[in-house]
Amino acid sequence: MEKMLQDRVAIITGSGRGIGRAAALLFAREGARVVVSDLDPAPAEETAQEIKSAGGQCIVVTGDVTDGAFADRIVKKAVEAWGALHVLVNNAGYTWDAVVHKMTDEQWEAMLAVHLTAPFRLIRAAAPYFRDAAKAEKEAGKIINRKIINISSMAGTRGNAGQANYSSAKAGIVGLTKTLAKEWGGFNVQVNAVAYGWIDTRLTKEKEAGQTLDRAGKPVAIGIPSVMRNIMQQMIPAGRAGTVEEAAGPLLFFASSLSDYVSGQCLEVTGGW
């Protein structure tokens with residue numbers, strides 16, 4: 001039986017950890033050739049090693065998605081390795097919280113840069129291998145569907161106190177998704193978004209644990225205050241956070257031929273919240 005993503009080439013940003021890692025492993029099991037990408041080389045290499053140990057195919061391209069040169073570089077590496085590009089998952093990101101009246105310009109701009117500008121640049125860099133390739137295929141009588149999957153959040157679809165920057169960026173990515181679905185629909189490109197609720201990753205651990213991310217030499221606190229975690233758990237009908245494996249499932253649907261007539265959608269994955 002043919003695998004769902006057999007010989008498809010997929011870039012997944014932020015795939016060294018969390019949802020991105022789970023998606024990379026799942027895509028590879030389903031036959032995709034995966035470009036594993038992360039800001040930190042160590043987790044990216046760990047993900048790649050697990051893929052290769054299971055008989056999958058992948059390459060690693062590390063770097064900061066907010067670097068202006070990154071998008072062209074990762075797309076070039078994917079095409080050099082396998083001659084095509086079929087799936088782009090814009091997953092990389094983090095949070096940098098503050099209430100509006102205490103939020104700095106740097107915090108605001110950082111969230112827009114990683115969650116909105118970086119996906120825009122990656123989509124633009126992929127255009128020759130999505131739009132232009134589709135034109136040539138159409139002339140040859142071929143139909144090859146390609147996929148763009150943007151990661152949003154409940155913060156973007158509903159808002160979240162203390163995350164004006166993150167919420168705005170995640171709302172913006174939904175707008176980009178719906179617009180691109182219209183612009184590229186005629187090129188057999190399906191563009192969708194997934195808005196996650198509470199998924200169990202390092203970004204949603206207890207904030208009191210004191211975990212941080214290093215951004216430009218600055219430690220950025222990550223996590224959710226335990227009082228908020230308790231409230232969230234009570235509001236979720238499933239009664240728990242989702243696992244990264246459960247979060248990866250909808251990404252496989254949107255990356256596969258099962259979604260060939262689904263575009264411009266934002267699917268909330270929230271355990272019924």
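D97 is partly exposed, with 26% relative accessible area. That places D97 between the limits for buried, under 20%, and exposed, over 50%. The model it belongs to is predicted. D97 sits in the loop that runs between strand 4 and helix 4 (105-139). Along the sequence, D97 and G162 are 65 residues apart. In space, their C-alpha atoms are 5.7 Å apart.

Strand 4 is a good way into the sheet. The sheet is open and has seven strands. Their order is 3-2-1-4-5-6-9, and the pairing is parallel. Strand 3 (57-60) and strand 9 (266-269) stand at the edges. Each has a single partner strand, so one side of each is left without a neighbour in the sheet. On average, and ignoring direction, neighbouring strands are turned by 20° against each other.

Strands in a sheet pair through backbone hydrogen bonds, either parallel or antiparallel. Strand 4 (residues 87-90) and strand 5 (residues 146-153) take the parallel form, over four bridges. V89 of strand 4 has I149 as its bridge partner in strand 5. L88 is bridged to I148, also in strand 5. Strand 4 also pairs with strand 1: the two run parallel and are joined by three bridges. There, I12 has V89 as its bridge partner in strand 4. V89 is thus named in bridges to both I149 and I12.

Now look at the side chains of strand 4. In a regular strand, side chains alternate between the two faces of the sheet. V87 and V89 point one way from strand 4. L88 and N90 point the other way. All of these residues are buried.

Helices pack on this sheet, helix 1 and helix 6 among them. Helix 1 (residues 18-29) touches strand 1 (9-12), strand 2 (33-36), strand 4 and strand 6 (189-196). The direction of helix 1 makes about 170° with that of strand 1. Helix 6 (residues 164-184) touches strand 5, strand 6 and strand 9. The direction of helix 6 makes about 160° with that of strand 5.

Helix 4 holds L116. With a relative accessible area of 24%, L116 is partly exposed. Setting aside neighbours within four places in sequence, L116 is in contact with M111, A169, G172 and I173. L116 and T66 are 50 residues apart along the chain, and their C-alpha atoms are separated by 9.7 Å.

Next come the charged pairs. The structure holds 10 salt bridges. One of them joins the side chains of D7 and R33, at 3.4 Å from N to O. D7 lies in the segment before strand 1, and R33 lies in strand 2, so the pair ties together parts that are 26 residues apart in sequence. D7 is partly exposed at 38% relative accessibility. R33 is partly exposed too, at 21%.

A second salt bridge brings together the side chains of D40 and R17, at 3.2 Å from N to O. This pair links distant parts of the chain, 23 residues apart. D40 is in the loop between strand 2 and helix 2 (41-53). R17 is in the loop between strand 1 and helix 1. D40 has a relative accessible area of 29% and is partly exposed. R17 is partly exposed at 29%. The pair does not stand alone: R17, D38 and D40 are linked in a network of salt bridges.

What about R146 and E137: are they buried or exposed? R146 has 3% relative accessibility, so it counts as buried. E137 has 12%, so E137 counts as buried as well. The cut-off for buried is under 20%. These residues form a salt bridge, with the closest N and O atoms 2.6 Å apart.

Last, turn to the surface. V227, M228, I231 and M235 make a nonpolar patch of about 350 Å². I231 is found in helix 7 (residues 226-235). At 38% relative accessibility, I231 counts as partly exposed.

Note on methods: Residues numbered from 1 in each chain as written. Predicted model: local features only at pLDDT ≥ 70, side-chain atom pairs only at ≥ 80, totals over all residues. Heavy atoms only, no water. Pairing = 2+ DSSP bridges. Axes fitted to C-alpha atoms, helices over the stretch in contact; angles between N-to-C directions. Contact = heavy atoms within 4.5 Å. Patch = residues over 30% accessible without salt bridge, like charges linked within 9 Å, V, L, I, M, F, W, Y side chains within 5 Å. Areas by Shrake-Rupley, 256 points an atom, 1.4 Å probe, with all protein chains shown as cover. Salt bridge = Lys/Arg side-chain N within 4 Å of Asp/Glu carboxyl O. Buried < 20%, exposed > 50% of the residue type's maximum accessible area, 1.4 Å probe, protein only.
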